[in-house]
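Student: I would like to go through this model term by term. For each label, I will ask what earns it.

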Amino acid sequence: MYADKEKMSAAYGSWKSPITADVVSGAEKLLGGFAVDGEGRVIWLEGRPTEAGRSVLVREATHAGDAAEEITPAEFNVRTLVHEYGGGAFTVSGDVVVFSNYEDQRLYKQSIKGDHVPIALTPDYGAPVVRYADGVIDLHLGCYITVREDHRESDTNPTTTIISVELNGVGKTEPHVLVSGSDFYAFPRLASDGRRMAWIEWKHPNMPWDKSELWVGYLSADGKIEKRVCIAGDDPNMIESPTEPKWSSQGELFFVTDRKSGFWNLYKWVESTNEVQALYPLDAEFTRPSWEFGYSSYAFVEHKGQNNIIACTYRQKGLSYLGILDHVLGSFSLVDLPFTDIYNITSIGSHLYIDGASPRHPLSIMKVSIEENQVAMSGISIIWSSSSLNISEYNAYISSPEIIEFPTKVPGQTAFAYLYLPSNSNYQGFEDEKPPLLVESHGKDESLLYDRSPINFVDKLSCPIILFQGLEDKVVLPEQARKIYAAVKEKGLPVALIEYEGEQHGFRKAENIKHTLEQQMVFFARLIGKFKAADDIIPVHIENFD
């Protein structure tokens, strides 16, 4: 037995920790999605801050203990810029992968086996003005169906459509437009018979979680849509936001929507009557807002030719869960996982592949084997982790969050937040000092952007501000950050603006991630908390302060 060592008292924020900006920026990799190939091996999209944010496809090793196989050639970077946020940058079918290349935004087809040389599928327009995301391979007609965002006529108001691209082409044939007329599209999904396609569409000024529509189109033998029907979202008496349509292997269409209850729940379309049925109503969210393409919150579990079992992730009161739903019997059970945040799920047979994280587990891809009775797991293995660190060595310095429930402006509704209190095995705060509170939040409704834009309310700003801006950001333009900086400077408040070449909306390069973390810390130390940062950091110049 060892006696607890006495902690030193020091100001909050000044505590020495082995979790430095160097450790955070150098050890973490990003996950841009994952899929399973024809051999049952996982392929994931790995973002690498140490390679200037380059994203590459990596294939699970054949045998445990072997190194994973990088399948993206060095001159390629797998990333799409549709909606600027991207997502859905690649699709896997059998031993073929189709992906978007960052530099030219063209689509490429690549064999997982053999020489791995990618072949361009879409035309070269001389610049990355046409972008693609969220596609599926049509094995019946040998084509790739995907969302296209076309900036050729307007960069500020591009045209979005669902198109068909020939898989056997040589990148010179103009794709065929299947669906057009709405402002935005997502989730084009084919039934296994190749004769029906579902998709989601929505229009300005709505975001997809405000109001959207689910459609099904009937395809002719040559791949053109002959007839279409709206499944959800067109009732003028009911506002809903359907999302994530998926066809079972038996040709039934499932999706998630928030009709009536306000919670995103699972539904099934009854094609013969054009009605929808709720599968298991629950005050929980069975999907999340579609900021990016390619989300997959549920998957069918095949067993003896049947797929009445659905594995689904959902959030309730601030936590994520994995559920197993038999939508025929109406039974529902929970599967215990070491993750408190679960994001995407896919399946092959009775095996589930899930990405998630917890305070003690970095973002990881986990393989979960489901038992014969389909209500419990028989095994778990970690296939990939975002961090190479031994997290157990840092447990004494990692805070476990408390879930806080608080009322919103909507009467009777509450929201949830995570509270991370300071944690360090060597330090404690002074008795008469409370820890500073840093609040991270993101608004829900982009249509209310004016009401939340600081540039419109500079007269109400009263505290020091530091701005970090990517110079290639098309969501928040550099000029907007410069206007805020100039206005705050003129008002006499302490302010700094740091701009990064080659960064967009969110930073991907290790050196910029490190610099941002360090400058945030020293900014708080100098101007907010009035303490000395534990690490030696050279601060940037602060106008109206230095």
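Student: Which residues of S4 lie on one side and which on the other, and are they buried or exposed?

Tutor: First, the ground rules. This is a predicted model, in which local features need pLDDT of at least 70 and side-chain atom pairs count only at pLDDT 80 or more, while totals for chains, interfaces and linings use all residues. Residues are numbered from 1 along each chain as its sequence is written, and side-chain values use heavy atoms, with hydrogens and water left out. Now S4: Arg54, Val56 and Val58 are on one side, Ser55, Leu57 and Arg59 are on the other, and all are buried. Buried means under 20% relative accessible area, exposed means over 50%, and partly exposed is in between (1.4 Å probe, protein chains only).

Student: What makes S4 a strand, and why do its residues split into two sides?

Tutor: Strands are DSSP runs of E with at least two residues, helices are DSSP runs of H or I with at least four, and both are numbered from the N terminus. S4 covers residues 54-59, and 6 of its 6 residues are buried. The split follows a general pattern: in a regular strand the side chains alternate between the two faces of the sheet.

Student: How do you know that S4 pairs with S3 and with S5?

Tutor: Two strands pair if DSSP finds at least two bridges between them. S3 (residues 42-48) and S4 are joined by 6 bridges and run antiparallel, with isoleucine 43 bridged to arginine 59. S4 and S5 are joined by 2 bridges, also antiparallel, so this pairing meets the requirement of at least two. There, valine 58 stands opposite glutamate 70.

Student: What is found in the turns of the hairpins of S3 with S4 and S6 with S7?

Tutor: The hairpin of S3 and S4 has 5 residues between the strands, and alanine 52 takes a positive phi near 60°. The hairpin of S6 and S7 has 2 residues between its strands, and glycine 94 in the turn has a positive phi of about 65°. S6 and S7 (residues 96-100) pair in the antiparallel sense over 4 bridges, and valine 92 has valine 97 as its bridge partner.

Student: Why is glutamate 75 called exposed?

Tutor: Glutamate 75 has a relative accessible area of 58%; the cut-off for exposed is passed, so the label applies. Glutamate 75 sits in the loop between S5 (69-70) and S6 (90-93).

Student: Why do lysine 530 and asparagine 544 get the labels they have?

Tutor: Lysine 530 is at 59%, so it is exposed. Asparagine 544 is at 39%, so it counts as partly exposed. Lysine 530 has a positive phi of about 60° although it is not a glycine, and asparagine 544 has one of about 65°, again without being a glycine. Lysine 530 is in the segment after helix H4 (510-529), and asparagine 544 is also placed in the segment after H4.

Student: How many disulfides are there, and what would make one?

Tutor: A disulfide is a pair of cysteine sulfur atoms within 2.5 Å, and by this rule the count comes to 0. As for burial, cysteine 312 is buried at 1%, whereas cysteine 463 is partly exposed at 39%.

Student: What makes a nonpolar core, and which residues have the most contacts inside the largest?

Tutor: A nonpolar core is a set of buried Ala, Val, Leu, Ile, Met, Phe, Trp, Tyr and Cys residues joined through side-chain atoms within 4.5 Å. The largest has 35 residues, and Ile145, Val179, Met197, Trp199 and Leu214 have the most contacts inside it. Apart from that core lies another of 16 residues, among them Ile309, Leu337, Leu352 and Val368.

Student: What makes the peptide bond from histidine 204 to proline 205 cis?

Tutor: Its omega is near 0°. Proline 205 lies in the loop between strand S15 (196-202) and strand S16 (213-219).
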